[in-house]
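Student: Could you take me through one part of this structure slowly? I'd like a close look at a single strand and whatever sits around it.

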Amino acid sequence: MIEKIWFESHPLGWVLSPVLWPLSKLFGAISRHRRQQYQSGQKTVYRAKVPVVVVGNITAGGNGKTPVVVWLVEQLLAKGLKPGVVSRGYGAKAPHYPYRVTDSSTTAEAGDEPVLIYRRTGVPVAVSPVRADAVALLEPDVDVIITDDGLQHYALARDIEIVVIDGQRRFGNQQLIPAGPLREGCERLQQVDFLICNGGEAQGGEIPMHLAPSALVNVQSGARCDVSALSGDVVAMAGIGHPPRFFNTLSTLGVHPVVCQPFADHKAFSEQELHQLSARGQHLLMTEKDAVKCHTFAQPDWWYLPVDAVIPTEQAERLINRIIKVKEEYGSSSA
């Protein structure tokens with residue numbers, strides 16, 4: 001219902017407006033004051049010894065940030081750099097902070113996205129509610145740090161800011177939380193370095209991007225299979241910020257599940273509920289983010305669909321070259 005109010009002009013929004021509007025004004029005032037405290041030096045800002053690239057957004061919910069982080073890591077590795085990734089580790093409880101993700105780390109310890117990024121890329125990944133602590137942990141081993149989310153985490157200085165925009169939903173009613181989806185006003189977009197439009201039609205100086213699915217991967221065995229090779233009824237599930245995006249992707253691939261089950265973002269799945277869900281068809285299809293949470297109890301007919309961010313070559317080179325330039329400036333200043 002909240003998303004319908006924010007993005008679909010649900011009539012209930014007008015009914016709740018007298019309550020939500022003042023709360024949004026209060027949220028905005030607190031947010032602006034907090035940012036001004038960091039900008040004015042009233043609060044301490046951590047400056048890393050290596051470049052920091054923030055990949056974030058100004059709206060609540062999933063916009064496609066994690067695929068962009070993975071894409072950046074892969075691009076920088078190809079250029080010979082040594083990137084690392086930091087995250088808050090939303091919804092998780094690590095044994096200690098800062099916490100470095102390892103092969104044995106669980107999503108309950110590190111969070112969904114950090115585990116996914118580590119398993120997909122193999123680069124150093126650290127989590128902490130205080131991102132500066134995670135950055136400090138990785139600094140000796142990397143020469144560029146990418147933060148998965150954290151645009152509003154002003155306690156950490158950054159060299160490049162990248163905002164990912166949901167090209168379909170854009171900014172909804174353009175109201176601040178809780179009346180709308182905005183963490184900051186749209187004017188913030190004028191202050192960042194790059195705008196990436198995930199799907200839909202890129203506007204102004206936005207970099208167009210789309211998510212390209214690849215072959216299915218078996219959650220249990222890691223075997224790959226073309227989606228067209230599946231036979232029998234398919235059940236689809238998605239516990240991400242915007243589940244319809246996943247279901248729409250399946251539809252474009254010619255997959256029409258008998259059940260499309262959305263879950264809350266970052267939901268901790270139980271073995272029993274997923275076994276019951278998968279029993280409604282011959283195959284259970286999920287996102288890669290879901291798969292990292294249930295691979296320990298997966299069944300042979302469970303699959304996930306990896307997606308990769310695709311950005312036009314010219315814009316991609318401009319973005320990557322900007323990061324390399326900043327990295328070189330760090331190197332020259334320390335020489």
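Tutor: Sure, and one term has to come first: two strands pair if DSSP finds at least two bridges between them. Keep in mind that this is a predicted model.

Let's pick strand E5, which covers residues 144-148. To see where E5 belongs, start with its sheet. Nine strands make up an open sheet, and their order is E3-E4-E2-E5-E1-E6-E7-E8-E15. The pairing in this sheet is mixed. At the edges you'll find strand E3 (99-100) and strand E15 (307-310), and each has a single partner strand, so one side of each is left without a neighbour in the sheet. E5, by contrast, sits between E2 and E1 in that order.

Now look at the E1 side. Strand E1 (residues 52-56) runs parallel to E5, and four bridges join the two. You can follow the match residue by residue: Val 52 is opposite Ile 145 of E5, and Val 53 is opposite Ile 146 of E5.

Then swing round to the E2 side. E2 also pairs with E5 in the parallel sense, over four bridges. One spot to find there is Val 86, whose bridge partner in E5 is Thr 147.

So much for the neighbours within the sheet; what about the two faces? In a regular strand, side chains alternate between the two faces of the sheet. In E5, Val 144, Ile 146 and Asp 148 lie on one side, while Ile 145 and Thr 147 lie on the other. Both faces are covered, with these residues all buried. Put as a count, five of the five residues in E5 are buried. For that word, the cut-off is under 20% relative accessible area.

Next, find a helix that lies over this part of the sheet. Helix H5 (residues 112-121) lies across E5, and also across strand E2 (83-87), strand E4 (125-127) and E15. The direction of H5 is at about 170° to that of E4.

Once you've got E5 in view, it helps to glance at the other sheet too. That one is open as well, with six strands in the order E10-E9-E14-E13-E11-E12 and mixed pairing. Its edge strands are strand E10 (224-225) and strand E12 (259-262), each pairing on one side only. Inside it, strand E13 (residues 283-287) and strand E14 (residues 302-305) pair in the parallel sense over four bridges, and Leu 285 has Trp 303 in E14 as its bridge partner.

Conventions:
Residues are numbered from 1 along each chain as its sequence is written. This is a predicted model: local features need pLDDT of at least 70, side-chain atom pairs count only at pLDDT 80 or more; totals for chains, interfaces and linings use all residues. Side-chain values use heavy atoms; hydrogens and water are left out. Contact means heavy atoms within 4.5 Å. Axes are lines fitted to C-alpha atoms, for helices over the stretch in contact, and angles run from 0 to 180 degrees between N-to-C directions. Buried means under 20% relative accessible area, exposed over 50%, partly exposed in between (1.4 Å probe, protein chains only).
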